[in-house]
Amino acid sequence: MTCLRGPAAGPCVAITGNIHGDELTGLGAAHALAGRLDGALRAGRVRLYPSLNPDGLRQGTRRVPDDDRDLNRCFPGDPAGGPSDRLAHAAWEDLSREGVDLLVDVHADSSHALPYVVLDRAVHHAGAARTGLEARAATLAATTGLTVLHDLADEAYVAARLDRTLTGCVLNRRGVPAFTLEAGPRGRLDPSAVEVVVDALLGVLGALGMLEAPPVPRDHPTRVAGGPWRRAVGPRARMDGVLVATVAPGAWTEAGAAVAEIRALDGRTREHVRAERDGFVVSHAHHGHVVAGTAVCTWAHPEAPA
């Protein structure tokens with residue numbers, strides 16, 4: 001962990017990465033920010049956590065190798081639990097001691113995806129407390145200049161244990177704004193993805209008044225205007241085969257239009273996978289071959305009014 005301090009009082013922002021060992025964008029962004037912020041931080045503190053899953057990083061695995069669990073479903077952890085529980089607990093305790101005012105957790109999606117932000121659901125809060133907390137997180141997320149998605153609807157959000165992710169836990173248990181930033185492919189450190197993330201995070205820090213020379217606010221070229229948008233599971237393949245994307249992430253797509261093909265090994269098209277509702281592809285699955293029942297993409301559609 002690296003802690004950078006400005007000369008004046010201000011917010012404490014934590015930036016975490018590599019919670020999944022095969023997702024390296026956050027690690028690269030932490031390294032780059034350490035250099036970019038040296039002497040540029042006017043106020044507050046930035047705490048950089050390049051890797052929360054160093055064993056997964058070394059072995060190139062998404063999960064924690066010692067117990068093959070997804071660390072991002074284990075928060076706030078348990079000091080008497082298994083390896084993933086203890087690892088989550090150690091990170092949680094360190095973040096809790098510091099009184100963090102905002103947490104951004106950086107992930108990587110697929111090689112065919114928009115860079116985007118995901119907002120958690122404050123399902124452990126109600127009324128004005130929930131509305132205010134979610135609004136604060138959404139306001140900060142917008143300063144990234146990226147496409148912003150609200151996560152799954154409440155029931156699906158809880159069923160998927162997303163309130164046990166790091167950002168979900170910080171939002172719900174600590175009442176602190178948090179969001180996930182997704183950019184770049186898995187399995188390697190992509191410089192262009194790191195640049196996107198660094199620019200997005202500088203936008204956030206500038207909006208918080210933490211930088212000597214805040215960047216001019218601007219949207220990323222891939223940002224999908226309009227919304228608000230909700231993240232959802234995309235349509236599923238009905239047949240096994242080679243997955244071929246047929247629409248670009250971010251392109252508006254009407255219900256019933258094809259978003260991917262499933263092909264046989266000889267090149268014959270076995271199936272056109274079609275959108276189930278109006279919206280756009282956020283990311284295509286990173287698998288070259290899929291089996292029946294696999295979601296071929298992550299989808300986004302207009303968020304229904306509360």
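**Figure 1. Cysteine sulfurs around Cys-3 and Cys-74, which lie too far from their closest cysteine partners for a bond.** The sulfur of Cys-3 has its closest cysteine sulfur in Cys-12, at 6.4 Å, and this distance is too far for a bond. The model is a predicted one, in which local features need pLDDT of at least 70 and side-chain atom pairs count only at pLDDT 80 or more, whereas totals for chains, interfaces and linings use all residues. Residues are numbered from 1 along each chain as its sequence is written, and side-chain values use heavy atoms, with hydrogens and water left out. For Cys-74, the closest cysteine sulfur belongs to Cys-169 and is 11 Å away, again too far for a bond. The structure holds zero disulfides, a disulfide being a pair of cysteine sulfur atoms within 2.5 Å. Cys-3 is partly exposed at 26% relative accessibility, whereas Cys-74 is buried, with a relative accessible area of 1%; buried stands for under 20% relative accessible area, exposed for over 50%, and partly exposed for values in between, with a 1.4 Å probe and protein chains only.

**Figure 2. The largest nonpolar core, viewed around Ile-15.** This core has 36 residues, and those with the most contacts inside it are Ile-15, Leu-33, Leu-37, Val-46, Leu-102, Phe-179 and Leu-181. A nonpolar core is taken here as a set of buried Ala, Val, Leu, Ile, Met, Phe, Trp, Tyr and Cys residues joined through side-chain atoms within 4.5 Å. At least two of its residues are supplied by each of strand 2 (8-17), helix 1 (25-36), strand 3 (43-49), strand 4 (102-107), strand 5 (116-119), helix 4 (127-142), strand 7 (178-182) and helix 7 (191-207), and helix 7 provides the largest share, with 10 residues. Helices (H or I, at least four residues) and strands (E, at least two) are DSSP runs numbered from the N terminus. Once neighbours within four places in sequence are set aside, Ile-15 is in contact (heavy atoms within 4.5 Å) with Leu-33, Val-46, Arg-47, Leu-48, Tyr-49, Val-104, Val-106 and Leu-201. Another core, of 20 residues, lies apart from this one and includes Cys-12, Cys-74, Ala-91 and Leu-103.

**Figure 3. The largest pocket and the residues that line it.** The space in this pocket is about 920 Å³, a volume being the space filled by probe spheres set on grid points that are joined across faces, edges and corners. On a 1 Å grid over the protein atoms alone, a pocket is an open set of points where a 1.4 Å probe fits, with protein on both sides within 12 Å along at least five of seven lines, and lining residues have an atom within 4 Å of a point. The lining has 36 residues, of which Arg-62, Arg-73, Arg-186, Arg-231 and Thr-298 lie nearest the centre of the pocket. Two or more lining residues come from each of strand 5, strand 7, strand 8 (229-233), strand 13 (279-284) and strand 15 (297-302), and strand 8 gives the most, with three. By residue class, the lining divides into 11 nonpolar, 14 polar and 11 charged residues, where Ala, Val, Leu, Ile, Met, Phe, Trp, Tyr, Cys and Pro count as nonpolar, Asp, Glu, Lys and Arg as charged, and the others, Gly among them, as polar.

**Figure 4. Backbone geometry at Pro-76, Pro-228, Asp-68 and Arg-161.** Most residues other than glycine have a negative phi, and most peptide bonds are trans. Phe-75 and Pro-76 are joined by a cis peptide bond with omega of about 10°, and Pro-76 lies in the loop between helix 2 (54-59) and helix 3 (83-97). A cis bond also runs from Gly-227 to Pro-228, with omega near 5°, and Pro-228 is placed in the loop between helix 7 and strand 8. Asp-68, in the loop between helix 2 and helix 3, has a positive phi near 55° and is exposed, with a relative accessible area of 52%. Arg-161, in the loop between helix 5 (154-159) and helix 6 (166-174), has a positive phi near 60° and is partly exposed at 36% relative accessibility.

**Figure 5. The surroundings of Val-170 in helix 6.** Val-170 is buried, at 7% relative accessibility. Its C-alpha is 8.9 Å from that of Phe-75, although the two residues are 95 apart in sequence. Not counting residues up to four places away in sequence, Val-170 touches Trp-92, Leu-103, Gly-175, Val-176, Pro-177 and Ala-178.
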